[in-house]
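Trainee: Could you take me on a close look at one part of this protein, the open sheet, and then show me how the salt bridges and helices fit around that picture? I'd love one connected walk-through.

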Amino acid sequence: REIKMRKLDSTKVRPEQLLRIEDHDFALRPGFGGSPIPVGIDVQVESIDSISEVDMDFTMTLYLRHYWKDERLSFRSNKNKSMTFDGRLIKKIWVPDVFFVHSKRSFIHDTTVENVMLRVYPDGNVLFSLRITVSAMCFMDFSRFPLDTQNCSLELESYAYNEDDLMLYWKHGNKSLSTDEHISLSQFFIEEFSASSGLAFYSSTGWYNRLFINFALRRHIFFFVLQSYFPAMLMVMLSWVSFWIDRRAVPARVSLGITTVLTMSTIMTGVSASMPQVSYIKAVDVYLWISFLFVFLSVIEYAAVNYLTTIEERKQLKKRGKASGMYSIDAVQAMAFDGCFHDTDVDMDLPAFSDRCEENETRAHAASVSNVDTTRIKRKRSLKGNVGRMILQNNHVIDTYSRIIFPSVYIVFNLFYWGLYI
């Protein structure tokens with residue numbers, strides 16, 4: 001009775017004996033020499049672990065399942081039940097040699113044991129399942145970054161068997177690709193997952209069936225609004241504060257201009273450091289460089305105002321010196337360096353002085369030109385002199401116009417930018 005019980009105990013029988021593995025040569029594919037063996041594939045994506053813009057790759061964890069029929073593994077079963085094995089039997093039978101095209105690194109999980117499952121049915125149908133983490137290339141286009149949508153794909157293909165020996169296909173069509181409901185990414189919104197197939201040609205080995213796992217990623221913009229766009233807007237607006245500061249307050253306006261320029265440079269450097277060094281212009285580069293240009297122009301605007309103010313006050317001091325017989329260059333230099341000279345310290349009534357200058361110039365030319373030419377030259381010089389005096393005497397108007405022009409142009413730019421890229 002004990003001997004009979006031992007014979008009935010199936011756990012004492014080795015898989016090689018149950019499946020008659022030793023009776024066949026599994027170095028050859030099933031049906032060798034005949035039509036190509038069909039191998040069905042289905043994939044369940046467990047997670048997308050990371051997406052790197054710098055390395056242009058993504059890391060994905062998935063369950064990869066293969067389906068094929070190998071009559072050499074068929075066995076008798078009264079209850080028509082399948083047999084399930086772990087990875088120890090994989091090395092003794094034939095399995096498809098599917099690999100990931102454009103993959104950088106991949107591995108099969110081995111905690112607590114190797115995550116491999118083999119299920120054999122009585123009629124020879126086989127299910128081979130793996131849990132794999134793979135990092136693969138994703139060719140990204142950053143021309144619209146960070147308002148971009150990236151399309152990535154994971155490609156599967158047989159390494160050794162071309163289409164004459166192995167036909168790779170999606171087991172259940174579009175339903176062969178499933179995803180976990182809780183997949184989420186910090187910077188991206190997953191718009192869609194789709195499965196497709198095609199052919200790949202190699203000049204030395206021929207045509208191969210290739211399967212594609214396609215997914216589209218749309219970037220979340222809110223992070224970049226807080227980290228890049230909003231600070232840039234604030235720096236541009238801060239540079240406009242100098243238009244309301246007195247034009248003689250040189251230290252205040254210069255310090256504000258230099259501070260905003262350096263801050264904009266820091267923002268631009270921070271954005272570039274987290275991105276690959278591509279040779280084309282990104283959308284964020286357009287915005288930051290235009291914002292930098294606005295900040296830079298506000299500094300140039302004050303340089304123009306300060307220069308015109310200096311010229312005006314020097315002419316006023318020169319006029320006072322001629323009227324009183326004295327001319328003090330020290331007062332002019334003091335005004336230019338400390339920025340503390342005030343309009344109340346000079347006489348703003350210049351018409352008499354300018355008229356005498358024009359009369360002297362007219363008399364000097366009267367001896368060498370005709371009366372008609374003299375009149376024309378006098379008009380031109382009078383017009384030029386009036387425009388020059390108007391600019392010099394009213395250079396503070398530049399600040400007044402800047403308070404309107406700078407914000408208006410910047411608002412128009414923002415409307416055009418966001419309308420173009422969104």
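Mentor: Happy to; we start with the sheet, move to the charged pairs, and end with the helices.

Keep in mind throughout that this is a predicted model. The open sheet has 4 strands in the order β4-β8-β12-β11, and their pairing is antiparallel. At the edges sit β4 (98-101) and β11 (188-202), each of which pairs on one side only. From one strand to the next, the twist averages 25°. As background, strands of a sheet pair through backbone hydrogen bonds, either parallel or antiparallel.

Now zoom in on β8 and β12. Strand β8 covers residues 149-158 and strand β12 covers residues 206-219; the two run antiparallel and are joined by 9 bridges. To find your place in the register, look for Gln150, which stands opposite Leu217 in β12.

Side chains connect these two strands as well. Arg210 forms a salt bridge with Glu157, with 2.7 Å between the closest N and O atoms. Since Arg210 belongs to strand β12 and Glu157 to strand β8, the pair ties together parts that are 53 residues apart in sequence. Are the two partners buried or exposed? Arg210 has a relative accessible area of 12%, so this residue is buried. Glu157 is buried too, with a relative accessible area of 2%.

That pair belongs to a wider set, as the model has 16 salt bridges in total. In general, side chains of opposite charge can pair when their charged atoms come close. One group worth displaying is Glu53, Asp148 and Arg219, which are linked in a network of salt bridges.

Another pair to display is Asp165 with Arg29, a salt bridge whose closest N and O atoms are 3.3 Å apart. Here distant parts of the chain are linked: Asp165 is in the loop between β8 and β9 (166-170), while Arg29 is in the loop between α2 (15-18) and β1 (37-52), 136 residues apart. Asp165 is partly exposed, with a relative accessible area of 25%, whereas Arg29 is buried, with a relative accessible area of 3%.

Among the helices, Asp399 forms a salt bridge with Arg253, the closest N and O atoms lying 2.9 Å apart. Asp399 lies in helix α9 (residues 396-421) and Arg253 in helix α4 (residues 250-273), so this pair ties together parts that are 146 residues apart in sequence. Asp399 counts as buried at 4% relative accessibility, and Arg253 counts as buried at 2%.

Next, have a look at helix α3 (residues 222-239). Its 18 residues reach 24 Å from the first C-alpha to the last, close to the 26 Å expected at 1.5 Å a residue. A kink of about 35° lies at Tyr229 in α3, shortly before the proline Pro231. Tyr229 is also one of the buried residues of α3, which include Phe224, Ala232, Met235 and Val236.

Finally, there is a record to set beside the helices. An unreviewed UniProt entry lists residues 221-244, 256-275, 287-309 and 400-420 under "transmembrane region". In the model, residues 256-275 are 90% helix and 0% strand, with the end C-alpha atoms 30 Å apart. Residues 400-420 are 100% helix and 0% strand, and their end C-alpha atoms are 31 Å apart.

Key: Residues numbered from 1 in each chain as written. Predicted model: local features only at pLDDT ≥ 70, side-chain atom pairs only at ≥ 80, totals over all residues. Heavy atoms only, no water. Pairing = 2+ DSSP bridges. Axes fitted to C-alpha atoms, helices over the stretch in contact; angles between N-to-C directions. Salt bridge = Lys/Arg side-chain N within 4 Å of Asp/Glu carboxyl O. Buried < 20%, exposed > 50% of the residue type's maximum accessible area, 1.4 Å probe, protein only. Expected span 1.5 Å × (residues − 1). Bend = angle between axes of the 7 residues up to and from the residue. UniProt positions renumbered as here; feature names shortened; annotations may be inferred.
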